[in-house]
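Please work through the exercises below with the sequence and the structure open beside you. Each task is followed by a solution that proceeds step by step.

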There are 2 protein chains.
Amino acid sequence: MTHKRRRQPKADKKDLIIRRLSVYLRTLDHLKGKGVEVVSSSDLEKIEGVTQSLVRRDLANFGTFGVRGVGYPVPALREQIARILGCDRLWNVVLIGAGGFGSVLLHSESFQGRNLQIVQIFDNDPQRIGKSLEGIPVHDMAQLDRELDARRVDIAIIAVPPPEVQRIVNQLGQMGIRGALYFASRPVTAPENMVVLNVDITIELGVLTHHLS
Amino acid sequence: MTHKRRRQPKADKKDLIIRRLSVYLRTLDHLKGKGVEVVSSSDLEKIEGVTQSLVRRDLANFGTFGVRGVGYPVPALREQIARILGCDRLWNVVLIGAGGFGSVLLHSESFQGRNLQIVQIFDNDPQRIGKSLEGIPVHDMAQLDRELDARRVDIAIIAVPPPEVQRIVNQLGQMGIRGALYFASRPVTAPENMVVLNVDITIELGVLTHHLS
(Lines give C-alpha, C1' and ligand atoms only; values in the text may rest on other atoms or scores of the structure.)
Protein backbone atom coordinates (compact mmCIF):
# COMPACT_ATOMS: atom_id res chain seq x y z
CA MET A 1 0.00 0.00 0.00
CA THR A 2 2.70 2.51 0.99
CA HIS A 3 4.57 1.51 -2.10
CA LYS A 4 1.62 2.40 -4.31
CA ARG A 5 0.89 5.52 -2.32
CA ARG A 6 4.35 6.87 -3.05
CA ARG A 7 4.37 5.88 -6.67
CA GLN A 8 0.97 7.09 -7.89
CA PRO A 9 1.44 10.88 -7.97
CA LYS A 10 4.71 10.51 -9.88
CA ALA A 11 3.13 8.24 -12.48
CA ASP A 12 0.26 10.72 -12.79
CA LYS A 13 2.66 13.61 -13.22
CA LYS A 14 4.67 11.76 -15.82
CA ASP A 15 1.51 10.89 -17.76
CA LEU A 16 0.56 14.57 -17.73
CA ILE A 17 3.93 15.52 -19.18
CA ILE A 18 3.69 12.80 -21.83
CA ARG A 19 0.18 13.93 -22.74
CA ARG A 20 1.41 17.53 -23.11
CA LEU A 21 4.35 16.40 -25.25
CA SER A 22 1.83 14.61 -27.44
CA VAL A 23 -0.07 17.91 -27.72
CA TYR A 24 3.14 19.78 -28.60
CA LEU A 25 3.87 17.19 -31.29
CA ARG A 26 0.49 17.90 -32.83
CA THR A 27 1.27 21.64 -32.79
CA LEU A 28 4.68 21.11 -34.33
CA ASP A 29 3.11 19.06 -37.12
CA HIS A 30 0.68 21.89 -37.67
CA LEU A 31 3.51 24.47 -37.78
CA LYS A 32 5.68 22.25 -39.98
CA GLY A 33 2.77 21.99 -42.40
CA LYS A 34 2.71 25.79 -42.54
CA GLY A 35 6.44 25.95 -43.24
CA VAL A 36 7.38 27.44 -39.83
CA GLU A 37 11.01 26.60 -39.05
CA VAL A 38 11.62 27.99 -35.57
CA VAL A 39 9.18 28.08 -32.68
CA SER A 40 9.60 29.80 -29.30
CA SER A 41 8.07 28.51 -26.08
CA SER A 42 5.89 31.63 -26.16
CA ASP A 43 4.56 30.52 -29.59
CA LEU A 44 3.69 27.13 -28.10
CA GLU A 45 2.06 28.94 -25.18
CA LYS A 46 -0.20 30.92 -27.49
CA ILE A 47 -1.29 27.88 -29.40
CA GLU A 48 -1.76 25.34 -26.68
CA GLY A 49 -2.88 27.40 -23.71
CA VAL A 50 -0.02 26.31 -21.47
CA THR A 51 2.62 28.63 -20.02
CA GLN A 52 6.09 29.25 -21.45
CA SER A 53 7.73 28.00 -18.27
CA LEU A 54 5.68 24.79 -18.39
CA VAL A 55 6.68 24.14 -22.01
CA ARG A 56 10.34 24.72 -21.08
CA ARG A 57 10.12 22.46 -18.03
CA ASP A 58 8.35 19.69 -19.95
CA LEU A 59 11.03 19.73 -22.63
CA ALA A 60 13.87 20.03 -20.08
CA ASN A 61 12.71 16.74 -18.51
CA PHE A 62 14.11 14.99 -21.55
CA GLY A 63 17.33 16.90 -22.14
CA THR A 64 18.23 20.31 -23.50
CA PHE A 65 16.38 21.59 -26.51
CA GLY A 66 16.53 24.91 -28.29
CA VAL A 67 18.65 28.00 -27.96
CA ARG A 68 17.79 30.58 -25.30
CA GLY A 69 16.27 33.69 -26.87
CA VAL A 70 16.10 32.09 -30.30
CA GLY A 71 13.68 29.21 -29.94
CA TYR A 72 13.36 25.61 -30.95
CA PRO A 73 14.03 24.44 -34.49
CA VAL A 74 10.72 22.86 -35.51
CA PRO A 75 11.98 19.75 -37.37
CA ALA A 76 14.56 18.84 -34.70
CA LEU A 77 12.14 19.44 -31.82
CA ARG A 78 9.50 17.41 -33.62
CA GLU A 79 11.96 14.56 -34.07
CA GLN A 80 13.03 14.57 -30.43
CA ILE A 81 9.47 14.62 -29.10
CA ALA A 82 8.46 11.91 -31.60
CA ARG A 83 11.29 9.77 -30.23
CA ILE A 84 10.15 10.26 -26.62
CA LEU A 85 6.61 9.31 -27.63
CA GLY A 86 7.81 6.31 -29.63
CA CYS A 87 6.34 7.76 -32.83
CA ASP A 88 9.68 7.47 -34.60
CA ARG A 89 9.02 3.81 -35.33
CA LEU A 90 6.12 2.15 -37.14
CA TRP A 91 3.31 0.62 -35.06
CA ASN A 92 1.01 -2.04 -36.42
CA VAL A 93 -2.57 -1.63 -35.30
CA VAL A 94 -5.55 -3.97 -35.31
CA LEU A 95 -8.96 -2.28 -35.47
CA ILE A 96 -11.59 -4.27 -33.62
CA GLY A 97 -15.02 -3.10 -34.68
CA ALA A 98 -15.42 -1.37 -38.06
CA GLY A 99 -18.90 0.09 -37.64
CA GLY A 100 -19.81 3.44 -36.06
CA PHE A 101 -16.77 4.89 -34.37
CA GLY A 102 -14.45 2.29 -35.91
CA SER A 103 -15.58 3.35 -39.35
CA VAL A 104 -14.93 7.02 -38.55
CA LEU A 105 -11.43 6.18 -37.33
CA LEU A 106 -10.70 4.14 -40.42
CA HIS A 107 -11.35 7.18 -42.58
CA SER A 108 -9.62 9.70 -40.33
CA GLU A 109 -6.07 10.96 -40.64
CA SER A 110 -5.36 10.40 -36.95
CA PHE A 111 -2.97 7.54 -37.46
CA GLN A 112 -0.69 8.79 -40.18
CA GLY A 113 1.26 11.50 -38.34
CA ARG A 114 1.91 9.09 -35.47
CA ASN A 115 3.37 6.33 -37.62
CA LEU A 116 0.49 3.97 -36.92
CA GLN A 117 -0.89 1.72 -39.61
CA ILE A 118 -3.95 -0.47 -39.41
CA VAL A 119 -2.98 -3.93 -40.65
CA GLN A 120 -6.02 -6.02 -39.68
CA ILE A 121 -9.69 -5.37 -39.00
CA PHE A 122 -12.10 -7.58 -37.06
CA ASP A 123 -15.86 -7.18 -37.21
CA ASN A 124 -18.97 -9.28 -36.67
CA ASP A 125 -21.01 -7.95 -39.60
CA PRO A 126 -21.33 -10.70 -42.26
CA GLN A 127 -21.50 -7.89 -44.87
CA ARG A 128 -17.97 -6.83 -43.98
CA ILE A 129 -16.25 -10.12 -43.11
CA GLY A 130 -14.00 -11.47 -45.87
CA LYS A 131 -13.95 -8.15 -47.69
CA SER A 132 -11.53 -5.30 -47.24
CA LEU A 133 -11.95 -1.72 -46.03
CA GLU A 134 -9.47 0.89 -47.20
CA GLY A 135 -7.44 -2.04 -48.51
CA ILE A 136 -7.26 -3.73 -45.10
CA PRO A 137 -8.68 -7.26 -44.73
CA VAL A 138 -11.74 -7.68 -42.47
CA HIS A 139 -11.80 -10.86 -40.37
CA ASP A 140 -14.57 -12.47 -38.38
CA MET A 141 -14.58 -11.25 -34.77
CA ALA A 142 -15.49 -14.79 -33.68
CA GLN A 143 -12.14 -15.95 -35.08
CA LEU A 144 -10.08 -13.32 -33.26
CA ASP A 145 -7.84 -15.77 -31.40
CA ARG A 146 -7.19 -17.74 -34.57
CA GLU A 147 -6.78 -14.97 -37.11
CA LEU A 148 -5.17 -12.11 -35.21
CA ASP A 149 -1.54 -11.87 -36.23
CA ALA A 150 -0.26 -11.35 -32.70
CA ARG A 151 3.39 -11.37 -33.69
CA ARG A 152 2.83 -8.51 -36.09
CA VAL A 153 0.27 -6.41 -34.22
CA ASP A 154 1.47 -3.98 -31.51
CA ILE A 155 -1.68 -2.10 -30.60
CA ALA A 156 -5.42 -2.78 -30.65
CA ILE A 157 -8.01 -0.06 -31.17
CA ILE A 158 -11.25 -1.39 -29.71
CA ALA A 159 -14.46 0.13 -31.05
CA VAL A 160 -17.07 -2.42 -30.00
CA PRO A 161 -20.20 -2.04 -27.86
CA PRO A 162 -19.38 -1.41 -24.17
CA PRO A 163 -20.42 -4.83 -22.82
CA GLU A 164 -17.90 -6.57 -25.10
CA VAL A 165 -14.80 -4.52 -24.32
CA GLN A 166 -13.57 -6.37 -21.21
CA ARG A 167 -13.81 -9.78 -22.86
CA ILE A 168 -11.83 -8.58 -25.89
CA VAL A 169 -9.19 -6.90 -23.72
CA ASN A 170 -8.75 -10.17 -21.79
CA GLN A 171 -8.49 -12.13 -25.02
CA LEU A 172 -5.90 -9.72 -26.46
CA GLY A 173 -3.90 -9.87 -23.21
CA GLN A 174 -3.75 -13.65 -23.44
CA MET A 175 -2.53 -13.38 -27.02
CA GLY A 176 0.31 -11.10 -25.96
CA ILE A 177 -0.95 -7.78 -27.35
CA ARG A 178 0.72 -5.15 -25.17
CA GLY A 179 -1.38 -2.05 -25.77
CA ALA A 180 -4.99 -1.12 -26.42
CA LEU A 181 -7.18 1.94 -26.66
CA TYR A 182 -10.95 1.66 -26.25
CA PHE A 183 -13.81 4.15 -26.48
CA ALA A 184 -16.58 2.68 -24.38
CA SER A 185 -17.75 4.71 -21.40
CA ARG A 186 -17.09 2.07 -18.80
CA PRO A 187 -14.29 0.85 -16.58
CA VAL A 188 -12.10 -1.96 -17.88
CA THR A 189 -9.52 -3.92 -15.92
CA ALA A 190 -6.22 -4.23 -17.76
CA PRO A 191 -4.40 -7.58 -17.73
CA GLU A 192 -1.00 -7.48 -15.94
CA ASN A 193 1.10 -7.35 -19.09
CA MET A 194 -0.96 -4.79 -20.94
CA VAL A 195 -1.38 -0.99 -21.13
CA VAL A 196 -5.05 -0.18 -21.73
CA LEU A 197 -6.08 3.44 -22.29
CA ASN A 198 -9.56 4.83 -22.71
CA VAL A 199 -10.96 7.78 -24.63
CA ASP A 200 -14.37 8.54 -23.14
CA ILE A 201 -16.24 11.65 -24.15
CA THR A 202 -18.41 11.53 -21.02
CA ILE A 203 -15.29 12.05 -18.86
CA GLU A 204 -14.46 15.24 -20.77
CA LEU A 205 -18.08 16.37 -20.67
CA GLY A 206 -17.92 16.07 -16.87
CA VAL A 207 -14.84 18.30 -16.83
CA LEU A 208 -16.62 20.78 -19.12
CA THR A 209 -19.82 20.99 -17.07
CA HIS A 210 -17.72 21.37 -13.90
CA HIS A 211 -15.98 24.39 -15.43
CA LEU A 212 -19.28 25.92 -16.53
CA SER A 213 -21.06 25.35 -13.20
CA MET B 1 4.27 35.69 -16.24
CA THR B 2 5.00 34.84 -12.58
CA HIS B 3 1.28 34.94 -11.97
CA LYS B 4 0.69 32.29 -14.60
CA ARG B 5 3.71 30.34 -13.46
CA ARG B 6 2.27 29.96 -9.97
CA ARG B 7 -1.22 29.21 -11.11
CA GLN B 8 -0.64 26.62 -13.81
CA PRO B 9 0.33 23.55 -11.77
CA LYS B 10 -2.64 24.07 -9.46
CA ALA B 11 -5.08 24.35 -12.35
CA ASP B 12 -3.54 21.23 -13.85
CA LYS B 13 -3.84 19.37 -10.56
CA LYS B 14 -7.45 20.43 -10.12
CA ASP B 15 -8.31 19.31 -13.65
CA LEU B 16 -6.75 15.93 -12.89
CA ILE B 17 -8.92 15.58 -9.80
CA ILE B 18 -12.04 16.63 -11.71
CA ARG B 19 -11.22 14.15 -14.47
CA ARG B 20 -10.82 11.37 -11.90
CA LEU B 21 -14.12 12.33 -10.24
CA SER B 22 -15.72 12.06 -13.67
CA VAL B 23 -14.22 8.57 -13.94
CA TYR B 24 -15.54 7.64 -10.47
CA LEU B 25 -19.00 8.86 -11.50
CA ARG B 26 -18.90 6.51 -14.46
CA THR B 27 -17.95 3.64 -12.14
CA LEU B 28 -20.69 4.50 -9.68
CA ASP B 29 -23.24 4.49 -12.51
CA HIS B 30 -21.93 1.10 -13.51
CA LEU B 31 -22.21 -0.20 -9.91
CA LYS B 32 -25.62 1.39 -9.43
CA GLY B 33 -26.80 -0.39 -12.58
CA LYS B 34 -25.67 -3.65 -11.00
CA GLY B 35 -27.59 -2.90 -7.79
CA VAL B 36 -24.45 -2.37 -5.64
CA GLU B 37 -25.34 -0.17 -2.65
CA VAL B 38 -22.07 0.38 -0.82
CA VAL B 39 -18.62 0.79 -2.36
CA SER B 40 -15.26 0.95 -0.58
CA SER B 41 -12.30 2.97 -1.85
CA SER B 42 -10.60 -0.38 -2.42
CA ASP B 43 -13.47 -1.38 -4.75
CA LEU B 44 -12.96 1.85 -6.71
CA GLU B 45 -9.23 1.09 -6.77
CA LYS B 46 -9.81 -2.32 -8.34
CA ILE B 47 -12.07 -0.94 -11.02
CA GLU B 48 -10.31 2.24 -11.99
CA GLY B 49 -6.65 1.42 -11.48
CA VAL B 50 -6.06 4.23 -9.00
CA THR B 51 -4.97 3.75 -5.38
CA GLN B 52 -7.28 3.71 -2.35
CA SER B 53 -5.47 6.67 -0.84
CA LEU B 54 -5.89 8.68 -4.04
CA VAL B 55 -9.63 7.97 -4.16
CA ARG B 56 -9.93 9.04 -0.53
CA ARG B 57 -7.89 12.20 -1.09
CA ASP B 58 -9.85 13.14 -4.23
CA LEU B 59 -13.13 12.79 -2.38
CA ALA B 60 -11.81 14.55 0.73
CA ASN B 61 -11.09 17.64 -1.40
CA PHE B 62 -14.82 18.22 -1.55
CA GLY B 63 -15.86 17.40 2.00
CA THR B 64 -16.27 14.23 4.00
CA PHE B 65 -17.82 11.24 2.34
CA GLY B 66 -18.39 7.71 3.57
CA VAL B 67 -17.85 5.92 6.86
CA ARG B 68 -14.38 4.62 7.72
CA GLY B 69 -14.25 0.84 7.45
CA VAL B 70 -17.72 0.67 5.92
CA GLY B 71 -17.47 2.47 2.61
CA TYR B 72 -19.38 4.97 0.56
CA PRO B 73 -23.11 4.62 -0.05
CA VAL B 74 -23.34 4.44 -3.86
CA PRO B 75 -26.42 6.65 -4.49
CA ALA B 76 -25.29 9.41 -2.09
CA LEU B 77 -21.70 9.40 -3.37
CA ARG B 78 -23.00 9.47 -6.93
CA GLU B 79 -25.18 12.44 -6.13
CA GLN B 80 -22.38 14.38 -4.46
CA ILE B 81 -19.91 13.79 -7.31
CA ALA B 82 -22.60 14.63 -9.86
CA ARG B 83 -23.12 17.94 -8.05
CA ILE B 84 -19.39 18.75 -8.12
CA LEU B 85 -19.30 17.97 -11.84
CA GLY B 86 -22.44 19.99 -12.50
CA CYS B 87 -24.26 16.90 -13.78
CA ASP B 88 -27.11 17.44 -11.32
CA ARG B 89 -28.68 19.99 -13.67
CA LEU B 90 -29.77 19.68 -17.29
CA TRP B 91 -27.42 20.97 -20.03
CA ASN B 92 -28.64 21.86 -23.48
CA VAL B 93 -26.26 20.86 -26.22
CA VAL B 94 -25.95 21.88 -29.86
CA LEU B 95 -24.33 19.30 -32.12
CA ILE B 96 -22.39 20.94 -34.94
CA GLY B 97 -21.71 18.38 -37.66
CA ALA B 98 -23.98 15.35 -37.92
CA GLY B 99 -21.89 13.17 -40.24
CA GLY B 100 -19.11 10.77 -39.25
CA PHE B 101 -18.26 11.26 -35.62
CA GLY B 102 -21.27 13.53 -35.03
CA SER B 103 -23.55 10.76 -36.24
CA VAL B 104 -21.90 8.24 -33.92
CA LEU B 105 -22.35 10.60 -30.97
CA LEU B 106 -25.97 11.20 -31.84
CA HIS B 107 -26.66 7.49 -31.49
CA SER B 108 -24.49 6.92 -28.43
CA GLU B 109 -25.62 6.85 -24.83
CA SER B 110 -22.83 9.16 -23.70
CA PHE B 111 -25.06 12.10 -22.97
CA GLN B 112 -27.84 10.58 -20.96
CA GLY B 113 -26.08 9.73 -17.70
CA ARG B 114 -24.57 13.21 -17.62
CA ASN B 115 -27.86 15.07 -17.96
CA LEU B 116 -26.97 16.43 -21.39
CA GLN B 117 -29.56 16.71 -24.12
CA ILE B 118 -28.99 17.66 -27.73
CA VAL B 119 -31.54 20.33 -28.64
CA GLN B 120 -30.27 21.54 -32.02
CA ILE B 121 -28.14 20.12 -34.83
CA PHE B 122 -26.27 22.06 -37.53
CA ASP B 123 -24.93 20.46 -40.68
CA ASN B 124 -24.03 21.47 -44.21
CA ASP B 125 -25.43 18.43 -46.00
CA PRO B 126 -28.54 19.47 -48.01
CA GLN B 127 -29.87 15.93 -47.45
CA ARG B 128 -30.01 16.53 -43.71
CA ILE B 129 -30.92 20.22 -43.47
CA GLY B 130 -34.57 20.87 -42.63
CA LYS B 131 -35.13 17.30 -41.49
CA SER B 132 -34.69 15.87 -38.03
CA LEU B 133 -32.33 13.27 -36.62
CA GLU B 134 -33.43 11.35 -33.53
CA GLY B 135 -36.23 13.89 -33.28
CA ILE B 136 -33.85 16.86 -33.20
CA PRO B 137 -34.14 19.54 -35.91
CA VAL B 138 -31.20 19.90 -38.32
CA HIS B 139 -30.35 23.47 -39.35
CA ASP B 140 -28.11 24.81 -42.08
CA MET B 141 -24.54 25.36 -40.85
CA ALA B 142 -24.40 28.53 -42.98
CA GLN B 143 -27.22 29.94 -40.82
CA LEU B 144 -25.50 29.20 -37.50
CA ASP B 145 -25.45 32.78 -36.24
CA ARG B 146 -29.10 33.25 -37.16
CA GLU B 147 -30.60 29.95 -36.09
CA LEU B 148 -28.59 28.90 -33.07
CA ASP B 149 -30.71 29.40 -29.96
CA ALA B 150 -27.88 30.92 -27.91
CA ARG B 151 -30.09 31.66 -24.91
CA ARG B 152 -31.08 28.03 -24.65
CA VAL B 153 -27.85 26.26 -25.59
CA ASP B 154 -25.13 25.79 -22.93
CA ILE B 155 -22.60 23.61 -24.70
CA ALA B 156 -21.51 22.96 -28.29
CA ILE B 157 -20.17 19.62 -29.48
CA ILE B 158 -18.14 20.34 -32.60
CA ALA B 159 -17.70 17.45 -35.03
CA VAL B 160 -16.66 19.22 -38.22
CA PRO B 161 -13.53 18.83 -40.38
CA PRO B 162 -10.38 20.18 -38.65
CA PRO B 163 -9.93 23.32 -40.80
CA GLU B 164 -13.39 24.59 -39.79
CA VAL B 165 -13.15 24.19 -36.02
CA GLN B 166 -11.45 27.48 -35.12
CA ARG B 167 -13.92 29.56 -37.15
CA ILE B 168 -16.88 27.87 -35.50
CA VAL B 169 -15.39 28.24 -32.03
CA ASN B 170 -14.91 31.97 -32.67
CA GLN B 171 -18.46 32.30 -33.95
CA LEU B 172 -19.87 30.48 -30.91
CA GLY B 173 -17.80 32.65 -28.57
CA GLN B 174 -19.27 35.78 -30.16
CA MET B 175 -22.75 34.37 -29.67
CA GLY B 176 -22.11 33.84 -25.97
CA ILE B 177 -21.83 30.04 -25.90
CA ARG B 178 -19.67 29.31 -22.86
CA GLY B 179 -18.44 25.79 -23.46
CA ALA B 180 -17.43 23.55 -26.34
CA LEU B 181 -15.86 20.17 -26.98
CA TYR B 182 -14.25 19.37 -30.32
CA PHE B 183 -12.63 16.27 -31.78
CA ALA B 184 -10.27 17.53 -34.43
CA SER B 185 -6.59 16.76 -33.99
CA ARG B 186 -5.39 20.33 -34.04
CA PRO B 187 -4.83 23.22 -31.69
CA VAL B 188 -7.66 25.71 -31.25
CA THR B 189 -7.48 29.05 -29.45
CA ALA B 190 -10.39 29.56 -27.06
CA PRO B 191 -12.07 32.97 -26.91
CA GLU B 192 -11.69 34.74 -23.54
CA ASN B 193 -15.19 33.95 -22.29
CA MET B 194 -15.23 30.31 -23.32
CA VAL B 195 -14.04 26.91 -22.07
CA VAL B 196 -12.99 24.79 -25.05
CA LEU B 197 -11.95 21.17 -24.48
CA ASN B 198 -10.62 18.71 -27.01
CA VAL B 199 -10.85 14.95 -27.33
CA ASP B 200 -8.10 13.87 -29.69
CA ILE B 201 -7.32 10.21 -30.16
CA THR B 202 -3.82 10.99 -31.50
CA ILE B 203 -2.90 12.49 -28.11
CA GLU B 204 -3.84 9.23 -26.35
CA LEU B 205 -2.09 7.19 -29.02
CA GLY B 206 1.09 9.14 -28.25
CA VAL B 207 0.73 8.27 -24.56
CA LEU B 208 0.16 4.62 -25.49
CA THR B 209 3.18 4.33 -27.79
CA HIS B 210 5.33 6.06 -25.17
CA HIS B 211 4.33 3.42 -22.61
CA LEU B 212 5.04 0.60 -25.04
CA SER B 213 8.42 1.95 -26.20
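**Exercise 1. The area of the interface**

How much area do chain A and chain B bury between them, and what share of it lies on carbon and sulfur atoms?

*Solution.* Keep in mind that this is a predicted model. The size of an interface is often expressed as the accessible area that is lost when the parts come together. By that reckoning, chain A and chain B bury about 6300 Å² between them, and 68% of this area is on carbon and sulfur atoms. As a next step, count the residues in contact: chain A contributes 73 residues and chain B contributes 73 residues.

**Exercise 2. The relation between the copies**

Determine which rotation and shift superpose chain A on chain B, and state what kind of axis this describes.

*Solution.* Two copies of a chain are related by a rotation about an axis together with a shift along it. Here the rotation is 180 degrees and the shift along the axis is 0.0 Å, with an RMSD of 0.0 Å for the superposition of chain A on chain B. This is the relation of a two-fold axis. Within chain A, the C-alpha nearest the axis belongs to Phe101(A), at 3.3 Å from it. The last step concerns the surfaces: 100% of the interface residues of chain A are also interface residues in chain B, so the copies meet through the same surface.

**Exercise 3. Charged and polar links across the interface**

Find how many salt bridges join chain A and chain B, and locate the partners in one that involves Arg26(A).

*Solution.* Over all chains the structure holds 14 salt bridges, and the count between chain A and chain B is four. Arg26(A) forms a salt bridge with Asp200(B), in which the closest N and O atoms are 3.0 Å apart. This pair crosses between chains, running from helix H1 of chain A, where Arg26(A) lies, to the loop between strand S9 (195-198) and helix H8 (201-212) of chain B, which holds Asp200(B). A salt bridge also links the side chains of Arg19(B) and Glu204(A), at 2.7 Å from N to O. Turning to polar contacts, there are 22 residue pairs between chain A and chain B, with both residues at pLDDT 80 or more. Helix H1 (residues 2-33) of chain A supplies 15 residues, the largest share of the side of chain A that touches chain B. By class, the residues on that side of chain A divide into 34 nonpolar, 21 polar and 18 charged.

**Exercise 4. The sheet in each chain**

Work out the strand order of the sheet in chain A, and identify the edge strands.

*Solution.* Strands of a sheet pair through backbone hydrogen bonds, in either a parallel or an antiparallel sense. In chain A, seven strands make an open sheet in the order S5-S6-S4-S3-S7-S8-S9, with mixed pairing. Its edge strands are S5 (132-133) and S9 (195-198) of chain A, each of which pairs on one side only. Strand S3 (residues 91-96) and strand S7 (residues 155-158) of chain A pair in the parallel sense over four bridges, and Leu95(A) stands opposite Ile157(A) in S7(A).

For chain B, the open sheet of seven strands has the order S5-S6-S4-S3-S7-S8-S9, again with mixed pairing. In the parallel pairing of S3 (residues 91-96) with S7 (residues 155-158) of chain B, there are four bridges, while Val93(B) stands opposite Ile155(B) in S7(B).

Conventions
Residues are numbered from 1 along each chain as its sequence is written. Chains are lettered from A and ligands numbered from 1 in the order in which they are written. This is a predicted model: local features need pLDDT of at least 70, side-chain atom pairs count only at pLDDT 80 or more; totals for chains, interfaces and linings use all residues. Side-chain values use heavy atoms; hydrogens and water are left out. Copies are superposed by least squares on the C-alpha atoms of residues with pLDDT of at least 70 in both. Contact means heavy atoms within 4.5 Å. Buried area is the accessible area (1.4 Å probe) that two parts lose on being put together, summed over both. A polar contact is a pair of N or O atoms within 3.5 Å; within protein, one must be able to donate a hydrogen and the other to accept it, and residues adjacent in sequence count only if both atoms are side-chain atoms. Helices (H or I, at least four residues) and strands (E, at least two) are DSSP runs, numbered from the N terminus. Ala, Val, Leu, Ile, Met, Phe, Trp, Tyr, Cys and Pro count as nonpolar, Asp, Glu, Lys and Arg as charged, and the others, Gly among them, as polar. Two strands pair if DSSP finds at least two bridges between them.
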